[in-house]
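Let's take a walk through this protein together, looking at its inner spaces and its aromatic rings. Have the structure open and follow along.

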Amino acid sequence: MKKYNLYLLLLIVILSSCSDFLEESSQDLMIPKSVKDYKELLFGEILKNGEVLHPYLEYMTDDVKDQCYYGTNPGVISNDFRESVWAYYTWQANPEVGKLNEFTADNAWVSYFHKILMTNIILDNLPKMTGTDIERQDLAGEAYFMRAFSYFMLANLYGQPYHPATADQDLCVPVNNEISLSDKMMRRATNSVVYAQMEKDINRAIQCFKMVGGEKSIYRPNLPGAYLLASRIALFQEKYDQTILYCDSVFKVSSHALYKLKEKDDNYFFSLANKEILFSYGTTTLESYMREDFRYAGELVVSDDLLKQYSADDLRVTNFFKHTKGSQRRPVAKEYNIYTPIKWSRNSATVYSNAFRISEAYLNRAEAFAELGNTNKALADLNELRENRMKPGTPPLAVDEDGIVATVRKERRRDLAFEGFRWFDLRRYGCPPLKHTYSSKENEGAGDVFELKEKGSYVLPIPKSERERNTEIEIFDRPNSEPVNN
């Protein structure tokens, strides 16, 4: 792949009419002309599969707990990995400032808006590129897909949760239509505007991929993945009829099938053996912190609340998590019994650890059916999924005491655990209160309890670099989180 210097490249694209700006024979830079050139640009500057954008996402949820209280693990005394995510785990007002007042930049805002700018440039230059019409349509589809996805991630990290009744008032993130580097001060658009942009882009992506035809690699945006993203965008807007139609289309255009779990499986769940993966990209939030023994961020492990959602005959427990139990004698004798996520292995180069999976289409459609009151169809989708997740002979799932919608949500939590969904789902479930315990030298024993009580805490603050650059952006006050009594 050719190596690009981004900022000079942008100037080349923008000022390409000035032919003397750079000679084409440069060894380090290249003026993109063909669809192939821009495809490489999209892969290197937009997909960026080695990039970790929000390594904090899972730590804000109820799927993790603090296992490592002071005195049970000698490693904490000298090298406490939890400190790197403490501010997110305890829902601090300014999470870029860590436990020891160190500053760690949140790069997600800048990176996703960079992706949006790059897609804007690619789409603007599409008519000028050399290549066939089919090649242009495929590139356009990938660019529209990634722009829609980037807005979706930004909206659910930094925008107010989507509510249909107030979507035209609630502030989200800016919509950037620029096709060049700019210091333009952008203000937030409303949720209705940003989600309309997502819908427009993902439907354009679908039309482009339909014109191209044929199946694509799971390593590039593709038609079934586009339908799945469209269903996700519709679900988050509570457009349940549309959600169902998009999920139907996923099944119609995809040859992928659900992956049947085994009691003993030599493959990690995210591997080429898993044919339910539609689109694979990037690095997970947790995988970036994994250590060789599968402990991550210093003993922030799978929560009891999540574990109790699985029954004894659920094969996801052994396929998704590693169980470790035992005892240690120093400095204090203590038994431990923990679970850590192992859906992926960073030692495997076969499948990137963020993935669009066909199982999400079953879950999205089931939730839409449930919200529309069609219990039987919702259960049918859940049980189709569970036939591939449970031990043979397990009875079909029935509606639990909390109702069909809650039944679907629990299954969604079980199957999509540690894939970046839970925080976004909690936002659309009404931002429920959460509690986390954090222990350190200062609170030997039980640990400090932090509570997420304010709905405003479900909206991340715009990173410091953007607040300083863009003085017109609307800033939300995020409540600070102090320890409370047990």
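**Inside spaces and aromatic contacts**

In the second largest cavity, the lining residues divide into five nonpolar, one polar and two charged. What you are looking at is a predicted model, and this cavity is a good place to start. Its lining is made up of Asn156, Pro161, Tyr162, Tyr195, Phe236, Phe424, Arg427 and Arg428. Helix 15 (residues 422–428) contributes the most here, with three residues. The space inside comes to about 50 Å³.

Now step back to the wider picture. The structure has four cavities of 30 Å³ or more, and the largest holds about 380 Å³ of space. To find its middle, select His54, Phe149, Met153, Tyr281 and Asn354, which lie nearest the centre among the 30 lining residues. By class, this lining has 17 nonpolar, seven polar and six charged residues. Several elements supply at least two lining residues each: helix 2 (35–47), helix 5 (108–125), helix 6 (133–158), helix 8 (223–236) and strand 6 (354–357). Helix 6 gives the largest share, four residues.

Next, turn to the rings. The model has 23 aromatic pairs. One of them joins Phe152 and Phe424, whose ring centres are 6.1 Å apart; their planes meet at 80°, so the pair is edge-to-face. You have already met Phe424 in the lining of the second largest cavity. The pair links distant parts of the chain, with Phe152 in helix 6 and Phe424 in helix 15, 272 residues apart. Are these two residues buried or exposed? Phe152 has a relative accessible area of 1%, so Phe152 is buried, and Phe424, at 3%, counts as buried too.

A second pair to look at is Phe251 with Tyr362: the ring centres lie 4.6 Å apart and the planes are at 50°, so this pair is tilted. Phe251 belongs to helix 9 (residues 240–253) and Tyr362 to helix 12 (residues 358–371), so the contact ties together parts that are 111 residues apart in sequence. Phe251 is partly exposed at 22% relative accessibility, whereas Tyr362, at 13%, is buried.

Rings also gather in a group. Tyr259, Phe269, Phe270, Tyr310, Phe320, Phe321 and Phe418 form one aromatic cluster. Within that cluster, Phe320 has a charged visitor: the charged end of Lys343 sits over its ring, 4.2 Å from the centre. For another lysine over a ring, look at Lys464, which lies over the face of Phe103 at 5.9 Å from the ring centre.

Key:
Residues are numbered from 1 along each chain as its sequence is written. This is a predicted model: local features need pLDDT of at least 70, side-chain atom pairs count only at pLDDT 80 or more; totals for chains, interfaces and linings use all residues. Side-chain values use heavy atoms; hydrogens and water are left out. On a 1 Å grid over the protein atoms alone, a cavity is a set of points where a 1.4 Å probe fits but cannot get out, and a pocket is an open set with protein on both sides within 12 Å along at least five of seven lines; lining residues have an atom within 4 Å of a point. Grid points are joined across faces, edges and corners, and a volume is the space filled by probe spheres set on the points. Ala, Val, Leu, Ile, Met, Phe, Trp, Tyr, Cys and Pro count as nonpolar, Asp, Glu, Lys and Arg as charged, and the others, Gly among them, as polar. Rings of Phe, Tyr and Trp (its six-membered ring) pair if their centres lie within 6.5 Å; planes under 30 degrees apart count as stacked, over 60 as edge-to-face and the rest as tilted. Buried means under 20% relative accessible area, exposed over 50%, partly exposed in between (1.4 Å probe, protein chains only). A charge sits over a ring if NZ of Lys or CZ of Arg is within 6 Å of the ring centre and within 35 degrees of the ring normal.
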